[in-house]
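Colleague: I have a fold in front of me and a pile of labels attached to it. Could you walk me through where those labels come from?

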Amino acid sequence: MADSDNSRTLPTVTRGDFHSSVPACLPTYPHVAAHRKPGFSGCANDPAVAAWQHWRAAWTRLSESTRHQQQLETALFSGELSSSAERDGRSAYNDALEDEDRAALAEELAAQALWPVPVASLPGVIAKLDAIVNRGQPSSTCVDEPWAQIRMVIADLLRIDPVDARLGRMPERERQPA
(Lines give C-alpha, C1' and ligand atoms only; values in the text may rest on other atoms or scores of the structure.)
Protein backbone atom coordinates (compact mmCIF):
# COMPACT_ATOMS: atom_id res chain seq x y z
CA MET A 1 0.00 0.00 0.00
CA ALA A 2 1.32 3.43 -0.87
CA ASP A 3 2.09 5.93 1.83
CA SER A 4 -0.88 7.95 2.93
CA ASP A 5 -1.93 10.06 5.87
CA ASN A 6 -2.71 6.86 7.72
CA SER A 7 0.38 4.85 6.93
CA ARG A 8 4.05 5.59 7.06
CA THR A 9 6.81 3.31 5.97
CA LEU A 10 10.05 2.92 7.85
CA PRO A 11 12.59 1.33 5.55
CA THR A 12 14.91 0.26 8.36
CA VAL A 13 12.46 -2.35 9.52
CA THR A 14 13.81 -4.58 6.77
CA ARG A 15 17.42 -3.47 6.82
CA GLY A 16 19.93 -6.20 6.16
CA ASP A 17 22.83 -7.66 8.09
CA PHE A 18 24.91 -4.48 7.83
CA HIS A 19 22.73 -2.61 10.26
CA SER A 20 22.57 -5.45 12.72
CA SER A 21 26.37 -5.74 12.64
CA VAL A 22 26.97 -2.08 13.52
CA PRO A 23 25.26 -2.25 16.92
CA ALA A 24 26.89 -5.64 17.55
CA CYS A 25 30.34 -4.12 17.01
CA LEU A 26 29.70 -1.01 19.07
CA PRO A 27 30.12 -1.21 22.82
CA THR A 28 26.42 -1.26 23.57
CA TYR A 29 27.08 -4.16 25.89
CA PRO A 30 30.70 -3.72 27.03
CA HIS A 31 31.21 -7.35 28.10
CA VAL A 32 30.15 -8.58 24.63
CA ALA A 33 32.04 -5.91 22.70
CA ALA A 34 35.20 -6.54 24.69
CA HIS A 35 35.44 -10.03 23.19
CA ARG A 36 34.84 -8.81 19.64
CA LYS A 37 36.83 -5.57 19.63
CA PRO A 38 39.26 -5.43 22.56
CA GLY A 39 40.07 -1.74 22.08
CA PHE A 40 36.40 -0.76 22.10
CA SER A 41 35.97 -1.77 25.73
CA GLY A 42 37.71 1.43 26.80
CA CYS A 43 35.03 3.72 25.37
CA ALA A 44 32.35 3.03 27.97
CA ASN A 45 32.80 6.64 29.14
CA ASP A 46 32.16 8.13 25.69
CA PRO A 47 29.06 10.34 26.05
CA ALA A 48 28.28 9.92 22.33
CA VAL A 49 28.04 6.15 22.74
CA ALA A 50 25.71 6.58 25.72
CA ALA A 51 23.52 9.02 23.74
CA TRP A 52 23.57 6.61 20.78
CA GLN A 53 22.41 3.76 23.03
CA HIS A 54 19.45 5.90 24.09
CA TRP A 55 18.73 6.78 20.45
CA ARG A 56 19.11 3.13 19.35
CA ALA A 57 16.50 2.03 21.92
CA ALA A 58 14.10 4.72 20.65
CA TRP A 59 14.83 3.73 17.04
CA THR A 60 14.13 0.07 17.80
CA ARG A 61 10.85 1.00 19.49
CA LEU A 62 9.86 3.13 16.50
CA SER A 63 10.70 0.30 14.10
CA GLU A 64 8.62 -2.16 16.13
CA SER A 65 5.64 0.17 16.42
CA THR A 66 5.77 0.95 12.69
CA ARG A 67 5.90 -2.74 11.81
CA HIS A 68 2.92 -3.41 14.11
CA GLN A 69 0.93 -0.53 12.62
CA GLN A 70 1.64 -1.75 9.10
CA GLN A 71 0.56 -5.30 9.96
CA LEU A 72 -2.72 -3.99 11.36
CA GLU A 73 -3.20 -1.77 8.34
CA THR A 74 -2.68 -4.69 5.97
CA ALA A 75 -5.18 -6.85 7.86
CA LEU A 76 -7.70 -4.03 8.13
CA PHE A 77 -7.66 -2.99 4.51
CA SER A 78 -7.33 -6.45 3.00
CA GLY A 79 -11.11 -6.88 3.13
CA GLU A 80 -10.84 -10.25 4.85
CA LEU A 81 -12.26 -9.17 8.22
CA SER A 82 -15.84 -9.55 9.37
CA SER A 83 -17.69 -6.37 10.35
CA SER A 84 -17.12 -6.93 14.09
CA ALA A 85 -13.47 -7.83 13.54
CA GLU A 86 -13.12 -4.76 11.32
CA ARG A 87 -14.52 -2.55 14.10
CA ASP A 88 -12.01 -4.05 16.58
CA GLY A 89 -9.30 -3.80 13.94
CA ARG A 90 -9.96 -0.09 13.39
CA SER A 91 -9.69 0.55 17.12
CA ALA A 92 -6.43 -1.40 17.33
CA TYR A 93 -5.14 0.36 14.22
CA ASN A 94 -5.89 3.80 15.67
CA ASP A 95 -4.12 2.82 18.89
CA ALA A 96 -1.15 1.60 16.84
CA LEU A 97 -1.01 4.91 14.95
CA GLU A 98 -0.92 6.82 18.24
CA ASP A 99 1.78 4.49 19.59
CA GLU A 100 3.81 5.00 16.42
CA ASP A 101 3.47 8.78 16.72
CA ARG A 102 4.71 8.66 20.34
CA ALA A 103 7.63 6.43 19.30
CA ALA A 104 8.49 8.77 16.41
CA LEU A 105 8.56 11.76 18.74
CA ALA A 106 10.75 9.89 21.25
CA GLU A 107 13.15 8.86 18.46
CA GLU A 108 13.32 12.40 17.10
CA LEU A 109 14.09 13.81 20.55
CA ALA A 110 16.76 11.15 21.14
CA ALA A 111 18.35 11.93 17.75
CA GLN A 112 18.34 15.66 18.43
CA ALA A 113 20.02 14.97 21.77
CA LEU A 114 22.66 12.77 20.10
CA TRP A 115 23.96 15.23 17.49
CA PRO A 116 25.54 17.86 19.78
CA VAL A 117 27.13 15.34 22.17
CA PRO A 118 30.93 15.47 21.89
CA VAL A 119 32.65 12.32 20.69
CA ALA A 120 35.48 10.88 22.77
CA SER A 121 36.32 7.71 20.82
CA LEU A 122 36.18 5.98 17.47
CA PRO A 123 33.06 4.02 18.53
CA GLY A 124 31.40 7.36 19.25
CA VAL A 125 32.05 8.46 15.67
CA ILE A 126 30.73 5.15 14.35
CA ALA A 127 27.67 5.44 16.58
CA LYS A 128 26.77 8.86 15.20
CA LEU A 129 27.31 7.66 11.63
CA ASP A 130 25.08 4.66 12.32
CA ALA A 131 22.30 6.96 13.47
CA ILE A 132 22.69 9.19 10.41
CA VAL A 133 22.56 6.22 8.03
CA ASN A 134 19.61 4.58 9.76
CA ARG A 135 17.61 7.80 9.77
CA GLY A 136 18.51 9.01 6.31
CA GLN A 137 18.93 6.35 3.70
CA PRO A 138 15.87 5.13 1.84
CA SER A 139 16.90 1.46 2.05
CA SER A 140 19.82 -0.68 3.14
CA THR A 141 20.55 -1.57 -0.47
CA CYS A 142 20.39 1.98 -1.82
CA VAL A 143 23.32 2.51 -4.21
CA ASP A 144 22.71 6.24 -4.58
CA GLU A 145 25.36 8.58 -3.28
CA PRO A 146 26.22 9.04 -0.50
CA TRP A 147 24.57 6.03 1.21
CA ALA A 148 26.65 3.22 -0.29
CA GLN A 149 29.82 5.18 0.36
CA ILE A 150 28.87 5.96 3.95
CA ARG A 151 28.14 2.26 4.57
CA MET A 152 31.63 1.44 3.22
CA VAL A 153 33.24 4.04 5.48
CA ILE A 154 31.42 2.65 8.52
CA ALA A 155 32.57 -0.86 7.60
CA ASP A 156 36.16 0.47 7.31
CA LEU A 157 35.87 2.18 10.69
CA LEU A 158 34.58 -1.01 12.28
CA ARG A 159 37.71 -2.82 11.06
CA ILE A 160 40.05 -0.31 12.67
CA ASP A 161 41.49 -1.34 16.01
CA PRO A 162 41.07 1.74 18.25
CA VAL A 163 44.31 1.02 20.12
CA ASP A 164 46.29 0.93 16.88
CA ALA A 165 44.43 4.03 15.63
CA ARG A 166 45.44 6.00 18.73
CA LEU A 167 49.05 4.95 18.16
CA GLY A 168 48.91 5.69 14.45
CA ARG A 169 49.51 2.07 13.43
CA MET A 170 47.68 -0.13 10.98
CA PRO A 171 45.79 -3.08 12.51
CA GLU A 172 47.76 -6.35 12.60
CA ARG A 173 45.56 -8.02 10.00
CA GLU A 174 46.33 -5.28 7.43
CA ARG A 175 50.08 -4.99 7.95
CA GLN A 176 52.25 -6.27 5.14
CA PRO A 177 54.97 -8.77 6.11
CA ALA A 178 58.40 -7.20 6.13
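What follows is a chat about the labels and the values behind them.

Modeller: Sure, and bear in mind that this is a predicted model.

Colleague: What makes up the secondary structure of the protein chain?

Modeller: The count for the protein chain is 7 helices and 0 strands. Read from the N terminus, the order is α-α-α-α-α-α-α.

Colleague: How much of the protein chain is buried?

Modeller: Of its 178 residues, 37% are buried. The area that the protein chain exposes is about 10300 Å², and 57% of that comes from carbon and sulfur atoms.

Colleague: And how far apart in sequence are the residues that touch?

Modeller: Take the contacts in the protein chain between residues at least 6 apart in sequence: 71% of them join residues at least 24 apart.

Colleague: Let's get to the helix pairs. Why are α3 and α4 called roughly antiparallel?

Modeller: Helix α3 covers residues 47-77 and helix α4 covers residues 83-114, and their axes cross at roughly 160 degrees. The cut-off for roughly antiparallel is over 145, so α3 and α4 earn that label. Their axes also come within 8 Å, and the crossing is left-handed. Sorted by class, the contact of α3 with α4 has 20 nonpolar, 6 polar and 7 charged residues.

Colleague: Which residues does Ser65 touch across the way?

Modeller: Ser65 sits in helix α3. Leaving aside residues up to four places away in sequence, Ser65 touches Asp99, Glu100 and Ala103.

Colleague: How do you know whether Ser65 is buried or exposed?

Modeller: By its relative accessible area, which is 1%. Buried means under 20%, so Ser65 is buried.

Colleague: Then what makes Ala106 partly exposed?

Modeller: Ala106 is in helix α4, and its relative accessibility is 40%. Buried would need under 20% and exposed over 50%, so Ala106 falls in between and counts as partly exposed. Along the chain Ala106 and Leu62 are 44 residues apart, and their C-alpha atoms are separated by 8.3 Å.

Colleague: Next pair. Why is α4 called oblique to α5?

Modeller: Helix α5 is residues 122-136, and α4 packs with α5 at an angle of about 140 degrees, the axes being 11 Å apart. Roughly antiparallel starts over 145, and roughly perpendicular covers 65 to 115. The angle fits neither range, so α4 is oblique to α5. Here too the crossing is left-handed.

Colleague: Which residues meet there?

Modeller: From α4 there are Glu107, Glu108, Ala111, Gln112 and Leu114, and they meet Lys128, Ala131 and Arg135 in α5. By class that contact divides into 3 nonpolar, 1 polar and 4 charged residues.

Colleague: And what makes α5 roughly antiparallel to α6?

Modeller: The angle again. Helix α6 is residues 147-159, and α5 packs with α6 at about 155 degrees, with axes 10 Å apart. The label needs over 145, so α5 counts as roughly antiparallel to α6. On the α5 side the contact includes Leu122, Val125, Ile126 and Leu129. On the α6 side, Trp147, Ile150 and Arg151 are among the residues involved. By class, the contact of α5 with α6 has 11 nonpolar, 1 polar and 2 charged residues.

Colleague: What is the handedness of that crossing?

Modeller: α5 passes α6 in a left-handed crossing.

Notes: Residues are numbered from 1 along each chain as its sequence is written. This is a predicted model: local features need pLDDT of at least 70, side-chain atom pairs count only at pLDDT 80 or more; totals for chains, interfaces and linings use all residues. Side-chain values use heavy atoms; hydrogens and water are left out. Helices (H or I, at least four residues) and strands (E, at least two) are DSSP runs, numbered from the N terminus. Buried means under 20% relative accessible area, exposed over 50%, partly exposed in between (1.4 Å probe, protein chains only). Contact means heavy atoms within 4.5 Å. Accessible areas come from the Shrake-Rupley method with a 1.4 Å probe; for residues, only the protein chains shown count as cover. Axes are lines fitted to C-alpha atoms, for helices over the stretch in contact, and angles run from 0 to 180 degrees between N-to-C directions. Angles under 35 degrees count as roughly parallel, over 145 as roughly antiparallel, 65 to 115 as roughly perpendicular and the rest as oblique. A crossing is left-handed if the near helix is turned anticlockwise from the far one by less than a right angle, and right-handed if clockwise. Ala, Val, Leu, Ile, Met, Phe, Trp, Tyr, Cys and Pro count as nonpolar, Asp, Glu, Lys and Arg as charged, and the others, Gly among them, as polar.
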